[in-house]
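Colleague: Could you walk me through reading the contact region between two domains? I'd like the general idea and then the case here.

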Amino acid sequence: MDKQLDKLNKLEDKRQLETINLIASENYVSPAIREAMSSRLTNKYSEGYPGARYYPGNQYVDEVETLAQKEALKTFNLKNSTWGVNVQPYSGSPANFAVYAAVLEKNDTALGMALSSGGHLTHGFKVSHSGRFFNFFQYGVDKNGLLNYEEVENLAQKYKPRLIVCGASAYSRIINFIKLSKIAKKYNTLLMVDIAHIAGLVATGVHPSPFSAKSGQALADIVTTTTHKTLRGPRGAIIFGRAELMPAINKSIFPGHQGGPHNHQTLAIAQAFIEAQTPKFKQYTVQIIKNTKTLAKELQKLNFNIVSGGTDNHLFLLDLTNKGVSGGDAEKLLEKNNIIANRNTVPNDPRKPFDPSGIRIGTPACTTRGMKEKEMKKIAQLIDKALCGQDVKNEAKKLAMEFPTP
Ligand SMILES: Cc1ncc(COP(=O)(O)O)c(C=O)c1O
């Protein structure tokens, strides 16, 4: 590698090693996944799908993609007679847009969770192309910070959307897919669930499934997810759809949106699914929840306010209003002390999104490094001290380095 690039790459390794990472959407992949990402599959063009490519020389790529599809379905206990999967999306945002383009016409009406309530840009926010090309109405959370199912129903009744999108980037509670599916069925609309954040938790059953209820009742019609958050795979995304929707979804990905799939990424995604089916991964997700709950409780003891009063998953939002520090300043104070967490709006935030009132805290990355409840207690104290202006850089760095990155 070029000397300067090699230096930068090593500096980033060092930064990761020396930092306590609380960014809820980040994680550390296994050495096997890094190996797959640097494989020679990156050299290959394979526009099309297994068995129907526009380039020769794809006999092994076909097997890799077919295996990735099979392992994806197995990871979420899905039968390939009912569900199909596309493993080619480059990332979460293009995957979501490809779904909209597959099942909606331009300017069709849809519902999505507002960014300011914890939703994602691609769920119809006005500066995102999803909000430009489709007529999204946004629902949010109620006064307790809980997803407002009543508002979803009211909007569905009023606007008769063709699609309801749910899923979030900053929501700490279990999402009730049964309730959302009932609304979708009542108003005869498709239900798309974006499980980008909680995919790892859904895979092991520590968060309810959007695919079907325990009773066997069918829920979502389409499920999208990134592969690089709690699922702990490489950057990428996949789209699950009910079998009858898959031809339109596949066409929307290729040739609708993308050219050649990133085959090295597909190899790494297959590896991630194989890892996600192991008992060790289940233990990992159980520990994520224990860690998040512990960290939230310890911060509450230190007089921090948590949006919705707690957490059921891998993240929570701290509302810093009572601490007299903005989200932006908190992010900087933490970073100065080798703790990384991103600023975030809180519901009904009186401040501007660029410097909002909150900070988002997640434990998937620290849990991958082997941290447990004991370390969460310590991290709560470090956060408290850092936000009071104390210097805890060396303490934070020492703690991080006791748990090497994989
Ligand atoms: C719920 C949700 N959907 C989609 C995305 C977009 O994924 P990507 O950043 O891979 O485009 C994210 C990323 O943060 C997300 O949180």
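**The domain interface**

Modeller: Let's start with one pair: the side chains of Arg173 and Asp312 form a salt bridge, N to O at 3.0 Å. The term covers a side-chain nitrogen of Lys or Arg within 4 Å of a carboxyl oxygen of Asp or Glu. This is a predicted model, where local features need pLDDT of at least 70, side-chain atom pairs count only at pLDDT 80 or more, and totals for chains, interfaces and linings use all residues. Residues are numbered from 1 along each chain as its sequence is written, and side-chain values use heavy atoms, without hydrogens and water.

Colleague: Where do the domains begin and end?

Modeller: Bounds come from an automatic or database domain assignment; here it gives domain 1 (33-276) and domain 2 (279-401). Their C-alpha centres lie 27 Å apart.

Colleague: How many residues of each domain are in contact?

Modeller: Contact means heavy atoms within 4.5 Å. By that rule, 23 residues of domain 1 touch 25 residues of domain 2.

Colleague: And what area is buried between domain 1 and domain 2?

Modeller: Buried area is the accessible area (1.4 Å probe) that two parts lose on being put together, summed over both. Between domain 1 and domain 2 that is about 2000 Å², with 58% from carbon and sulfur atoms. In domain 1, Ser172, Arg173 and Arg232 lose the most area to domain 2, together 29% of what that side buries.

Colleague: How many salt bridges does the rule find across the interface?

Modeller: The rule finds one salt bridge across the interface of domain 1 and domain 2.
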